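Welcome, and please open your viewer. We will walk through one protein together, selecting a few things at a time.

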Amino acid sequence: MPDNGIKFFARGGLKLDDDVEDEIESTLLERDAATSRPVGAGLGRVRSHPSPVEDYASHLVGTIEPSLAGLRIVLDCANGAASEVGPKALRDAGAEVITVAAEPDGLNINDGCGSTHLDLLRAAVVEHEADAGFAVDGDADRCLAVDASGEVVDGDQLLAVLALSLHERGALRADTLVATVMSNLGLVRAMSAAGIGVRRTAVGDRYVLEAMRSSGHNLGGEQSGHVIMSDHATTGDGLLSALHVLARMAVTRSTLAELAGVVQRLPQVLVNVPGVDRTRVGADTELSDAVARVEAELGDTGRVLLRPSGTEPLVRVMVEAADTATAQRVADDLAAVVRSRLAL
């Protein structure tokens, strides 16, 4: 709840460019802004929408063809924006829906529930013997899932399910999925095996969308559960993602575990190294040599990524490898080099 705020969108429902957001922030922080802000009638007008929930639910359901009849689903609404429309959309699509965290009171949004706290959803799926469960976050722009046994299905796996669905129907533009540098190598391998390319971007759904718009791709997302299906929406939409994954289950008569199993996730270890000069990550020769040695050691069984924080004197060391022990060892070794070479 303390993190609630105001989100601005451009005409057409697109996120604003970074420079526009910076200008808005700068204007709001100006000392004399209070005297230059509009007042009274200058603030604009209020227009009521007569049926927003019904219209939005109808739009969501209209994007899938098969009925979801016969599927029992648990939906964790994070006590947020999806609390009313989420269950309605899934029920209108034919599913049996059990809801949790669907009673927002202005204080309990994301509080021990939703896509950032999956234990509630996992327990409910097992308790109700559901076919699957989906958890959105407070503003419902992303979702994660759990299968019938309560195992987590992350954003990479959901992207794979959706990409394969589009690919098989000849609807995945340029046979390419857009994902960030944090997406697991297992996703890339699964897509390659299916004849699908993966275009990598910086971390952040805005960068995924920029890449999609510039190249005309229609599916992209992040490991965190932000999925953009640009044929139907201009931003991430957790309910839209959930419906299309469920539609895939209905069409293929497969369990979520079977569909998600196409991605064999490599163990991934992330080590944060604070108190370093993040600006020199790409300029230090010894650090570059250390990364090259590790990459040679891992070969095609893993990968390394050094990510400087955008706001803090911190570098994130991410390593994927065939096993957790190797990933942890390599990440710790590289973190030591970063700490030594980039110390402030």
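The stops below go from pockets to a cavity, then to a pair of helices and the annotated domains.

Before you start, keep in mind that this is a predicted model.

**Stop 1: the largest pocket**

Select Lys7, Phe9, Lys15, Asp139 and Asp141. Together they mark the middle of the largest pocket, which has a volume of about 1,200 Å³. Of the 44 residues that line this pocket, those five are the closest to its centre.

Now colour four helices: α1 (18-29), α3 (52-61), α8 (205-215) and α9 (238-252). Each of them supplies at least two residues of the lining of the largest pocket. Which helix gives the most to this lining? It is α1, with six residues.

Try colouring the lining of the largest pocket by residue type as well. You should find 18 nonpolar, 12 polar and 14 charged residues there.

**Stop 2: the second largest pocket**

Next, select Thr63, Glu65, Ser165, Arg169 and His244. These residues lie nearest the centre of the second largest pocket, which is lined by 17 residues. Two helices, α6 (155-168) and α9, are the elements that give two or more residues to its lining. The volume of the second largest pocket is about 340 Å³.

How many residues does α9 give to the lining of the second largest pocket? Four, and that is the largest share. By type, the lining of this pocket divides into seven nonpolar, five polar and five charged residues.

**Stop 3: a cavity**

Over the whole structure, a search finds one cavity of 30 Å³ or more. The largest cavity holds about 30 Å³ of space. To find it, select Leu162, Ser165, Leu166, Arg169, Met229 and His244, the residues that line it.

Some of these names should look familiar: Ser165, Arg169 and His244 line the largest cavity, and they are also among the residues nearest the centre of the second largest pocket. Helix α6 makes the largest share of the cavity lining, with three residues. The lining of the largest cavity divides into three nonpolar residues, two polar and one charged.

**Stop 4: two helices side by side**

Hide everything except α4 (residues 85-92) and α9. How are two packed helices described? By the angle between their axes and the distance between the axes. Here α4 and α9 pack at an angle of about 25°, with their axes 11 Å apart. Because angles under 35 degrees count as roughly parallel, α4 is roughly parallel to α9. Turn the view to look at how they cross: α4 passes α9 in a right-handed crossing.

**Stop 5: the annotated domains**

Finally, bring the whole chain back. An unreviewed UniProt entry places the feature "domain: Alpha-D-phosphohexomutase alpha/beta/alpha" at residues 55-150 and 154-263.

- Select residues 55-150: the chain here is 25% helix and 21% strand, and the end C-alpha atoms are 32 Å apart.
- Select residues 154-263: this stretch is 49% helix and 15% strand, with its end C-alpha atoms 10 Å apart.
- Select residues 270-336: the UniProt annotation here, from an unreviewed entry, is "domain: Alpha-D-phosphohexomutase C-terminal". Over residues 270-336 the chain is 40% helix and 27% strand, and the end C-alpha atoms are 13 Å apart.

Notes
Residues are numbered from 1 along each chain as its sequence is written. This is a predicted model: local features need pLDDT of at least 70, side-chain atom pairs count only at pLDDT 80 or more; totals for chains, interfaces and linings use all residues. Side-chain values use heavy atoms; hydrogens and water are left out. On a 1 Å grid over the protein atoms alone, a cavity is a set of points where a 1.4 Å probe fits but cannot get out, and a pocket is an open set with protein on both sides within 12 Å along at least five of seven lines; lining residues have an atom within 4 Å of a point. Grid points are joined across faces, edges and corners, and a volume is the space filled by probe spheres set on the points. Ala, Val, Leu, Ile, Met, Phe, Trp, Tyr, Cys and Pro count as nonpolar, Asp, Glu, Lys and Arg as charged, and the others, Gly among them, as polar. UniProt positions are given in the numbering used here, feature names are shortened, and annotations may be inferred rather than shown by experiment. Axes are lines fitted to C-alpha atoms, for helices over the stretch in contact, and angles run from 0 to 180 degrees between N-to-C directions. Angles under 35 degrees count as roughly parallel, over 145 as roughly antiparallel, 65 to 115 as roughly perpendicular and the rest as oblique. A crossing is left-handed if the near helix is turned anticlockwise from the far one by less than a right angle, and right-handed if clockwise.
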